[in-house]
Amino acid sequence: MEQKMVKELLLQSLEHERGGMKIYQTALKCAQNEELKEEWQKYLEQTERHVEVLQNVCSQMQLDAEEQTPGRKIVHDMGTAYVAAMEAALGAGDPEAAQCIAAECVTLAEHTDHMNWELIGEVAKHMTGADGKALKEAHKEVEDQEDEHYYHSRGWLRELSLKSLGLKAVLPPPEEKKHVKTAIGAARAQASAHKR
Ligand SMILES: [Fe+2]
């Protein structure tokens, strides 16, 4: 494996999780739906834990968790852009629209999170020794939560968007009720809620 890129993946993932905390803190200001607030509060707490998990992985692997790289800076700036978009939406005075923008920002951020942890899982499979063990454990602890963050956020975004269009919407989204954690499960949940 390219050790330099493994380090880059871990540092970018850590930066992304830290940005995720700010994204959830801002998204919570945009949330109107009580169940959505509860969900995002839970995801914020889990994201805080993911930051810790990655910091622990860095120290196990003797990586400086604060080392800046050009890629990491881009991840940081993208997170800032999501927060700025939500703040702007809040300022525009349409709470329903701001909630939709927040769901979009959360979904985009969780998509990246999901991809990062998928890659971390692949790297972990190929890593041996104490580092490999630490990375496998980190992945095992976080993987399911990231699946849920992504598929459920996407469900919220879809249903909130349908509602804003004046179309039939299922809130909370079916992904929630069915505890979806896979792509096929998400497709089934969506199909069952919106049969033609
Ligand atoms: Fe996440």
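Tutor: Before we read this predicted model, one convention is needed: helices, of at least four residues, and strands, of at least two, are DSSP runs numbered from the N terminus. On that basis, the chain has seven helices and zero strands, and along the sequence the pattern reads α-α-α-α-α-α-α.

Student: How should I judge the overall form, and what radius of gyration does the chain have?

Tutor: One compares the radius of gyration with the value for a compact globule of equal length: for 196 residues that value would be near 16 Å, and the chain, with 18 Å, agrees with it. Along the principal axes, the C-alpha atoms fill a box of roughly 55 × 35 × 25 Å. As for burial, 36% of the 196 residues count as buried.

Student: What share of the contacts between residues at least 6 apart in sequence join residues at least 24 apart?

Tutor: In this chain the share is 68%.

Student: Let us turn to the interior. Which residues have the most contacts inside the largest nonpolar core?

Tutor: The general idea is that, in soluble globular proteins, nonpolar side chains tend to be buried together. Here the largest nonpolar core has 22 residues, and those with the most contacts inside it are Ala27, Cys30, Met86, Ile101, Ala102 and Cys105. Two or more residues are given to this core by each of helix H1 (3–30), helix H2 (34–60), helix H3 (70–91), helix H4 (95–125) and helix H5 (129–164). The most comes from H4, which gives eight residues. Apart from this core lies another, of eleven residues, including Leu10, Leu11, Trp117 and Val142.

Student: Could we follow individual residues of the larger core? What is Met86 in contact with, leaving aside its neighbours within four places in sequence?

Tutor: With those neighbours left aside, Met86 is in contact with Thr26, Ala27, Cys30, Ile101, Ala102 and Cys105. Cys30, which lies in helix H1, can be read in a similar manner: beyond its neighbours within four places in sequence, Cys30 is in contact with Met86, Ala89, Leu90, Ala98, Gln99, Ile101 and Ala102.

Student: Is Cys30 buried or exposed?

Tutor: The count to apply is the number of other C-beta atoms within 10 Å, with 20 or more needed for a residue to be called buried. Cys30 has 24 of them within that distance, and it is therefore buried. Distance along the chain is a separate matter from distance in space; Cys30 and Ala109, for example, are 79 residues apart in sequence, and their C-alpha atoms are 16 Å apart.

Student: How do I read the packing of a helix pair, and at what angle do H1 and H3 pack?

Tutor: Two packed helices are described by the angle between their axes and the distance between the axes. For H1 and H3 the angle is about 10° and the axes are 8 Å apart, which makes H1 roughly parallel to H3. Many residues meet in this pair: among those of H1 are Leu11, Gly19, Ile23, Ala27 and Cys30, and among those of H3 are Gly71, Val75, Gly79, Val83 and Met86.

Student: And how do H4 and H5 cross?

Tutor: The axes of H4 and H5 come within 7 Å and cross at roughly 155°. Since angles over 145 degrees count as roughly antiparallel, H4 and H5 are roughly antiparallel to each other. The crossing in which H4 passes H5 is left-handed.

Student: Finally, the loops. Which residues other than glycine have a positive phi there?

Tutor: Gln62, in the loop between H2 and H3, has phi near 55°. With 7 other C-beta atoms within 10 Å, Gln62 is exposed. His179, found in the loop between H6 and helix H7 (183–193), has phi near 50°, and with 11 C-beta neighbours inside 10 Å it too counts as exposed.

Student: Where is Asp64, and how many C-beta neighbours does Asp64 have inside 10 Å?

Tutor: Asp64 is found in the loop between H2 and H3; it has 10 C-beta neighbours inside 10 Å and therefore counts as exposed. From Asp64 to Lys181, which are 117 residues apart along the chain, the C-alpha separation is 33 Å.

Student: Which peptide bond is cis?

Tutor: One reads this from omega: the bond from Leu171 to Pro172 is cis, with omega near -10°. Pro172 has its place in the loop between H5 and helix H6 (174–177).

Notes
Residues numbered from 1 in each chain as written. Predicted model: local features only at pLDDT ≥ 70, side-chain atom pairs only at ≥ 80, totals over all residues. Core = buried A, V, L, I, M, F, W, Y, C linked by C-beta atoms within 7 Å. Buried ≥ 20, exposed ≤ 12 C-beta atoms within 10 Å, placed from the backbone. Contact = placed C-beta atoms within 7 Å. Rg over C-alpha atoms; globule rule 2.2 N^0.38 Å. Axes fitted to C-alpha atoms, helices over the stretch in contact; angles between N-to-C directions. Parallel < 35°, antiparallel > 145°, perpendicular 65-115°, else oblique. Left-handed = near helix turned anticlockwise from the far one by under 90°.
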